[in-house]
Amino acid sequence: MTEKHLSNGNEPTVFAKCTDCKNIYPAQEKTNGNFRPVGTDGSCNCGNEEFERVE
Ligand SMILES: [Zn+2]
């Protein structure tokens, strides 16, 4: 049993761009309309926590 179940809530569904430094992350859309970059603590490495969807 080494395979992880894919629906563990940590799969990126969108790409999101930091509104400050413009870094782009694979991210999950949150219910409040913001985005959470996957693999981080929820903020950009510049410290910003606001992201916008990348089309
Ligand atoms: Zn940033």
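In this predicted model, the largest nonpolar core consists of seven residues: Ala16, Cys18, Tyr25, Ala27, Phe35, Cys44 and Phe51. Strands S1 and S2 are the elements that each contribute two or more residues to this core. A gathering of this kind fits a general pattern, in which nonpolar side chains of soluble globular proteins tend to be buried together.

The strands themselves are a good place to look next. S1 (residues 14-18) runs antiparallel to S2 (residues 24-29), and four bridges join the two. Within this pairing, Phe15 has Pro26 as its bridge partner, while Ala16 lies opposite Tyr25; Ala16 and Tyr25 are both among the core residues. Five residues separate S1 from S2 in a hairpin, and Lys22 in its turn adopts a positive phi of about 70°.

On leaving this turn, the chain follows S2 towards a further hairpin. Strand S3 (residues 35-37) is antiparallel to S2 and is held to it by three bridges, with Gln28 paired to Arg36. Here too, five residues lie between the strands, and Gly33 in the turn shows a positive phi of about 90°.

S1 also pairs with strand S4 (residues 51-53), again in an antiparallel arrangement, through three bridges. In S4, the residue opposite Ala16 is Arg53, so that Ala16 faces partners in two strands, as defined by the DSSP bridges.

Cys18, another member of the core, offers a closer view of the surroundings of S1. Beyond its neighbours within four places in sequence, Cys18 is in contact with Asn23, Cys44, Cys46, Asn48 and Phe51. Among these contacts, Cys44 and Phe51 belong to the core as well.

Conventions: Residues are numbered from 1 along each chain as its sequence is written. This is a predicted model: local features need pLDDT of at least 70, side-chain atom pairs count only at pLDDT 80 or more; totals for chains, interfaces and linings use all residues. A nonpolar core is a set of buried Ala, Val, Leu, Ile, Met, Phe, Trp, Tyr and Cys residues joined through C-beta atoms within 7 Å. A residue is buried if 20 or more other C-beta atoms lie within 10 Å of its own, exposed if 12 or fewer, and partly exposed in between; C-beta atoms are placed from the backbone. Two residues are in contact if their C-beta atoms, placed from the backbone, lie within 7 Å.
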